[in-house]
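Subject: Structure for you to look at

Dear colleague,

I am passing on the structure we spoke about, together with some notes for someone who comes to it fresh. Please open it first and keep it beside you while you read.

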Amino acid sequence: MTNLLRPAPPPRLVRAGRPRPAGPTRLRLLAWPLYLAAFAWYLSANGLPSANDVVFCWLIGALLTAAVHSGHGPRGFLLVLRDWVPVMAAVWTYSLLRGYGAHTPWAPYWQPQLSADRVLGFGETWTVRIQHALYTPGSPHWYDYAAVTVYLSHFFLVFVVLAVLWRRNNARYRHLLTCYLALTFAGFATYLLYPADPPWLVAQEGHLPALTRVVSSVLTESGLPQAQSVFENGSQFANDVAAMPSLHSAYPAMLLFFFWPTARPWLRALLVAYPLAMAFTLVYGAEHFIVDILAGWTYASVVVFGLRWLRARRAQRAHGRADLAACRYSPAHR
């Protein structure tokens, strides 16, 4: 993570010793103002993007804009499309499959999560306890808006981090991307095998006292619309029973485990604070049971540390083969 704070190396799009292509100066100067104006118009017309496909389109647009601004021309466009369109296709595939996962032949589970949360809450779930203590219907507090901000960060923060790594450290970009995709599709596989109701839906079914989806309620009361996604928010692709594990909690934990070894102390504090803030938001907002969050953290640890172990094993084997080859062709063995 400390690599993100260092100056970026010279762009790999330009060969050493060759001047950066100038390109149309006016287009380069207007690239970012035009992009930001288009994004501002989109926000005013459609609201906050909170779906993977929408966020991805704007992220790729930003990378293409950066290529224009840097004067890299068609080669820069091709590099962006080569590295990011497959990622976008994978995430869109997950979005589509996630919707189909709502139609399993077995009913969603809720009793095991509810029972576990009541044990953790000493007879009452923490969602009920915290929401009834803090939430005031119709009068959002500052922490409600903070919870909305933390919740919505799920839809773009990982992609922003990936984009920064792509520009500065391609090896770490590919490693984090592998972790992200493995974690995402592991979650999808679990949704198929173990569809699970979130607390707000369990409350609607009468198994918990009345609960409010705080994030949705605050957005509605504040008049801030959210951009709709063709893939995730339509009735055909929505999945209200994709609660176990919580990917909202898994992604912050993934960032924590991934960057911890190289992060500075102040950055480690942020890496720890983010998963905790997301966990509180999910419990307070009735989006997930505590056990859903713990499962998300477990999935993240298995993916990150498992892939790190595999990479280390592969590096050891490659090093061993190189040593063996060096010994075979050394003068002492001739």
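Helix 11, which covers residues 247-259, packs against helix 12 at an angle of about 170°, and the two axes lie 9 Å apart. With an angle over 145 degrees counting as roughly antiparallel, helix 11 and helix 12 are therefore roughly antiparallel to each other. On the side of helix 11 the contact is made by His248, Ser249, Pro252, Ala253, Leu255, Leu256 and Phe259, while helix 12 contributes Leu271, Val272, Tyr274, Pro275, Met278 and Leu282. Please bear in mind throughout that this is a predicted model.

Overall picture

The protein chain holds 13 helices and two strands. Of its 334 residues, 46% are buried, and the chain exposes about 17,300 Å², with carbon and sulfur atoms supplying 67% of that area. If one takes the contacts in the chain with a separation of 6 or more, 83% of them are between residues 24 or more positions apart.

More on helix 12 and its partners

Val272, already named in the contact with helix 11, also belongs to a nonpolar patch on the surface, which it forms with Trp260 and Leu276, and the three together have about 260 Å² of accessible area. Leu276 sits in helix 12, which runs over residues 265-284, and this leucine counts as exposed because its relative accessibility is 51%, the cut-off for exposed being over 50%.

Helix 12 has a further neighbour in helix 5 (residues 126-134), where Thr127, Val128, Ile130 and Gln131 are buried. The buried residues of helix 5 pack against helix 12 and also against helix 9 (199-204) and helix 10 (214-222).

Salt bridges

Side chains of opposite charge can pair when their charged atoms come close. A search of the whole structure finds three salt bridges, and Arg82, Asp83 and Arg174 are linked in a network of them. Within that network, the side chains of Arg82 and Asp83 meet at 2.9 Å, N to O, whereas the closest N and O atoms of Arg174 and Asp83 are 3.8 Å apart. The pair of Arg174 and Asp83 links distant parts of the chain, since Arg174 is in helix 8 (residues 170-193) and Asp83 is in helix 3 (residues 73-100), 91 residues apart. Asp83 counts as buried because its relative accessibility is 8%, while Arg82 at 47% counts as partly exposed, as does Arg174 at 43%.

Arg213 forms a salt bridge with Glu287, and here the closest N and O atoms are 3.0 Å apart. This pair, too, links distant parts of the chain: Arg213 lies in the loop between helix 9 and helix 10, and Glu287 in the loop between helix 12 and helix 13, 74 residues apart. Arg213 counts as partly exposed at 31% relative accessibility, whereas Glu287 counts as buried at 7%.

Backbone details to look at

Most residues other than glycine have a negative phi, and most peptide bonds are trans. Against that background, three places in the loops may interest you.

Phe122 has a positive phi of about 55° although it is not a glycine, and this residue is found in the loop between helix 4 (111-120) and helix 5. Ala286 likewise is not a glycine and has a positive phi, of about 65°; its place is in the loop between helix 12 and helix 13 (290-328). Which of the two words, buried or exposed, fits Phe122, and which fits Ala286? Phe122 is exposed, with a relative accessible area of 72%, whereas Ala286 counts as buried, at 0% relative accessibility.

The remaining place is the peptide bond that joins Met244 and Pro245, which is cis, with omega at about 0°. Pro245 lies in the loop between strand 2 (226-227) and helix 11, which brings you back to the helix described at the start of these notes.

With best wishes

Key
Residues are numbered from 1 along each chain as its sequence is written. This is a predicted model: local features need pLDDT of at least 70, side-chain atom pairs count only at pLDDT 80 or more; totals for chains, interfaces and linings use all residues. Side-chain values use heavy atoms; hydrogens and water are left out. Patches are made of residues with over 30% relative accessible area and no salt bridge: like charges are joined within 9 Å, nonpolar side chains (Val, Leu, Ile, Met, Phe, Trp, Tyr) within 5 Å. Accessible areas come from the Shrake-Rupley method with a 1.4 Å probe; for residues, only the protein chains shown count as cover. A salt bridge is a side-chain nitrogen of Lys or Arg within 4 Å of a carboxyl oxygen of Asp or Glu. Helices (H or I, at least four residues) and strands (E, at least two) are DSSP runs, numbered from the N terminus. Buried means under 20% relative accessible area, exposed over 50%, partly exposed in between (1.4 Å probe, protein chains only). Axes are lines fitted to C-alpha atoms, for helices over the stretch in contact, and angles run from 0 to 180 degrees between N-to-C directions. Angles under 35 degrees count as roughly parallel, over 145 as roughly antiparallel, 65 to 115 as roughly perpendicular and the rest as oblique. Contact means heavy atoms within 4.5 Å.
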